[in-house]
Amino acid sequence: MKKNALLSVYHKNDIIEFAQELVALGWRIFSSGGTAKTLREAGVSVTDVAELSGLPAILGHRVVTLVPQVHGGLLAAEEHREELRQLGYPWIDLVCVDLYPLKEETRRSGATGESVIEQTDIGGPALIRSGAKGRRIVVVDPADRMRVVEWLKSDQQDEVEFRNTLAAKAEAIVADYCLESAWFHSGGAFEGTIASRVVSCKYGENAWQTPAHLYSTDSQDPLALDKFVVVQGTSPSYNNWVDVDRLLQTATHIAEVYAVNGGGSTAIAVGVKHGNPCGAAAGPDRAEVLKKMMSGDPLAIFGGLVMTSFEVDEELSESLVGKMLDGVVAPAFTPGAIAMLRRKGDKCRFVANPALSGLVDHLDQTPRFRWVRGGFLAQPNYTFVPDFDRGHIVKHGKATAAQEYDMMLAWAIGSTSNSNTLTLVKNNQLIGNGVGQQDRVGAAQLAITRAKRSGHDVAGAVAYSDSFFPFTDGPQTLIDAGTTAIFTSSGSVKDKATIDVCAKHGVALYMIPDQVGRGFFGH
């Protein structure tokens, strides 16, 4: 018995080839409107839905396929075949549909309620859901078309699983579509996300937290985690993926603050432990940058994760050997570098993404969600970048160009570390990062302690504080250790005291209003 397929797509790319493959397999094609026209012009035999239903398209083509002759053919179960025959309705075995580009419209500047409604598909989602409920072959993602053809040409193994997988994917796409409409028309009162599982982790943050997975929202962002490829080593753990996301925040902020302030392109290397940078450096010489990053805190980086904005080769790997790294993330690796850095049991992951070689203009712009009991919190991403010449920064004293460059690096690190944070940078190198402290003077003391234990001389370093100093003990601690410039926010009732103590010791103090540029992260 000849099988029937209904094709109704907004985007016509590759639909001709798909239809031709189905016809070659003996299928009958039903279609309507623009899809039918496209197929006929390509020489594909098509039966118009209007012929099937006996009804023309109405309401400016708004109602075409919303008829029992179509939906009955999709929803009917085996026990309904005789009823379909008596009604003269075809059993539809496959439905291929995509949807009006609703999200393009809702995210367009100037979109209105009317323009969004006009781009809201009704017939498409209805066809998809009827096909899914009827457990037909439902093709919504164009990437699945040829996969379906190959399956049809094969012995069609695991048919139930194959159909279920396509149906579930189709339902998810429709859910995302409806959610987008609800989000727009409610002004954001309804929020959520639909994502697909792309990686299964051995366990979550702890071994008893199973199952654990990485999901993708099918973002077009070239730095989205699903765009990273493991070229060697065991599959990254849940904690590894968290660290990659944190590394991206720090690395992209370094690139962006330099770009905003005319710093130009530079090599970047960042190392993290539990998400927080314990090594970071930037500059024109890749070998020097990598060496500085690894020597920032040699104890903390042991077992950490490293990210670079440049390919890692054998020569550069010399700086990484012997540190028992959990992973290295880079645009690419030479085979020799992988051979040098591999660990027993392949416990060092080598993760590549060519997009890392161009980090400017790649701050993550998507909203941030945090699950809390009974719901989630939502906020914009961390997209503020200070402009040292044309922004809100008030300069008390004048730092040298080199000090300002160090301030930029310190800001990028400190504003992507768990607050409260106090960050020390010297000569384009992170030398001490005091993170996650409940008091600011404690953060200053921790940063100094970590710098000194790693063999760094704090004299001449610059400091970044992710919020204002409530008392003068914080800046005084930094000054006593030899810090010569400080970048912080203003907004404390003790601001004048902080300004005075820095002026007294000849320390340049740059301040940005707390409401404009506070750098809390991971609160």
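In this predicted model, the contact between helices α4 and α8 is formed by Val70, His71, Leu74 and Leu75 on the side of α4, which meet Ala126, Leu127, Ser130, Gly131 and Lys133 of α8. Sorted by character, the residues of this contact comprise five nonpolar, three polar and one charged. Two packed helices are described by the angle between their axes and the distance between the axes. For α4, which spans residues 68-75, and α8, which spans residues 123-133, the angle is about 30 degrees and the axes lie 7 Å apart. Because angles under 35 degrees count as roughly parallel, α4 and α8 are described as roughly parallel to each other.

A second helix packing was examined at α18, which covers residues 495-504 and has Asp495, Thr498, Val501 and Cys502 as its buried residues. These four residues cover an arc of only 130 degrees around the axis, and they are therefore placed on the same side of α18. The other side of the helix carries Lys496, Ala503 and Lys504, which are exposed. The packing partners of the buried residues of α18 are helix α17 (473-481) and the strands β20 (485-490) and β21 (508-513). Just after α18, Gly506 adopts a positive phi of about 70 degrees.

With regard to the chain as a whole, the division is into domain 1 (4-186), domain 2 (226-357) and domain 3 (386-513). The centres of domain 1 and domain 3, taken over C-alpha atoms, are separated by 59 Å.

Key: Residues numbered from 1 in each chain as written. Predicted model: local features only at pLDDT ≥ 70, side-chain atom pairs only at ≥ 80, totals over all residues. Heavy atoms only, no water. Domains from an automatic or database assignment. Axes fitted to C-alpha atoms, helices over the stretch in contact; angles between N-to-C directions. Helix = DSSP H or I, 4+ residues; strand = E, 2+ residues; numbered from the N terminus. Parallel < 35°, antiparallel > 145°, perpendicular 65-115°, else oblique. Contact = heavy atoms within 4.5 Å. Nonpolar A, V, L, I, M, F, W, Y, C, P; charged D, E, K, R; others polar. Buried < 20%, exposed > 50% of the residue type's maximum accessible area, 1.4 Å probe, protein only. Arc of directions from axis to C-beta.
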